[in-house]
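Trainee: Could you take me through one part of this structure, slowly and with the terms spelled out? I would like to look closely at a single place where two helices pack.

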Amino acid sequence: MGRCALPPLPRYPTVDELGARAAALVARHPHEARLRRIGTSRAGTPMWLLSVGHGSRQALVVAGPHANEPVGGATVLRLAERALADPRLTEGADATWNLLLCLDPDGLRRNEGWLTGPYTLGRYFRSFFRPGFLEQPEWLPDGAAGAALPETRALLGVQDELRPFLQCSLHGVDVGGGFVELTDDLPGLAQRVAHTAARLGIPRELGAYDALYWPGLGPAVYRIPPPRRADLAAAITEAAVESTWFHPHRHGTLTAVVEAPMWGVAAVSDGSPPADRDAVLRAVSRTLRHDTGLLRHLLARIRPHLAAVPDTARLLAPVDDYLLVCPGLADAWDPDTGDGAAHPLPPLSTAHLAALRISGRRLALRTAGLLHQLVRAAGHDPAGALPELDRLIDEWCADYRDGCGARWIPVARQAEYQARVVLAAFELAARPTRADSRSGQAGVGVRGGGAGAAGMTRGQDGGVRHRPRARPPGT
């Protein structure tokens, strides 16, 4: 172990540190590990794939799909070291680990204002960046053939080249708890997640906003509905759209989206019935409408002064996405204005209500943080918006901290949680099943192999009891 381990970072790695540390691992283990460039970002940043082992069965792990979720970078370095130290993960499993260091390196660079700490909610949201929906590389609004981003095309190329039996997409929840989303069932994973979360003190998100309308596969494990084509407005408000999560299903790939929290909130693990569901929903919806109105007013004051600000369009795109989505979400959650029998809310626990409260506040804070950056980038504040934005950000962060009980989880613990969940998914997905072993089909013989079509049929025929809506993919 000692000869492959690098000194651990007590913080999130930057884009440059990811590449340097991966190169150092390859230099130490030239026969077991290799690093290759699989693409180039829009800004010309190399996209690196670190591979460990020489097995015939491929596992693909994708870090950094969302610019503001850096935990995956720390996790893939940890997974590389584990695979180098433990031959059971490579030779013993006839497997090769393929670790994409960062899918959106340009976006990650834009988060370096908070990336290396100190980690406070105010600093995070004032320096937060996440591109608009159309610039997020995991999504395929025009299908795989119409993928416009070079980052997306690079990932699609790797998926089609490797045909992995397992793909893990590493995401981070800024405030809340950990959970997993799967394109097909993986029996036993929910128990592994529960054990890992308990050992590491990570709250499990038992009512994830992301999966509000999706079927559960166990506590904190959710089934992603099959994708369907939609226009942009629908795609922003419904996560069951075409994506790189489902693209490799044609190769028999099972995809696991692994979410790890930065600031944990205990209430998201409370599966008890709420005392007054409708009162909480009304309060959350009312707050979101009020906050949206404030932010729209601020944007109208700020927008005329942004013509000379570099890269204004990239910062405004997510602002416009968030402000587009918020009113519809507030109406959908409000028991007095929701679509009732047509699209009813599922049964809600205390955990669900906590997640909805956190999510509404998140949309407002991200919008305020992006507006704060736009004003700072302008170099002056003729609209007098900065003091008001500072007040709102401080007030809303205090609500997370004092009202929701949000507490920072050290980076090393976040990455260890995520790595253990990935390893559990790897072990379970690699197990032969009796049905597969009898099939004799090429590419079948591990869980996940050949499961794509069957899994999608089950999801379409009976797995989803409500309309498959969830979070805006860009939020």
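Mentor: A contact here means heavy atoms within 4.5 Å, and helices (H or I, at least four residues) and strands (E, at least two) are DSSP runs, numbered from the N terminus. This is a predicted model, in which local features need pLDDT of at least 70 and side-chain atom pairs count only at pLDDT 80 or more, while totals for chains, interfaces and linings use all residues. Residues are numbered from 1 along each chain as its sequence is written, and side-chain values use heavy atoms, with hydrogens and water left out.

In the pairing I would choose, R357, I358, R361, R362, A364, L365, A368, G369, L371, H372, V375 and R376 of α11 meet L386, L389, D390, I393, W396, C397, D399, Y400 and G403 of α12. By class, this contact has 12 nonpolar, 3 polar and 6 charged residues, where Ala, Val, Leu, Ile, Met, Phe, Trp, Tyr, Cys and Pro count as nonpolar, Asp, Glu, Lys and Arg as charged, and the others, Gly among them, as polar.

As for geometry, α11 spans residues 350-378 and α12 residues 386-403, and they pack at an angle of about 150 degrees with their axes 10 Å apart. Because angles over 145 degrees count as roughly antiparallel, α11 is roughly antiparallel to α12.

Around this pair, the protein has 15 helices and 10 strands, and 59% of its 475 residues count as buried, that is, under 20% relative accessible area (1.4 Å probe, protein chains only). The average pLDDT, the predictor's confidence in each residue from 0 to 100, is 88, and 86% of the residues score at least 70.

How values were computed: Axes fitted to C-alpha atoms, helices over the stretch in contact; angles between N-to-C directions. Parallel < 35°, antiparallel > 145°, perpendicular 65-115°, else oblique. Buried < 20%, exposed > 50% of the residue type's maximum accessible area, 1.4 Å probe, protein only.
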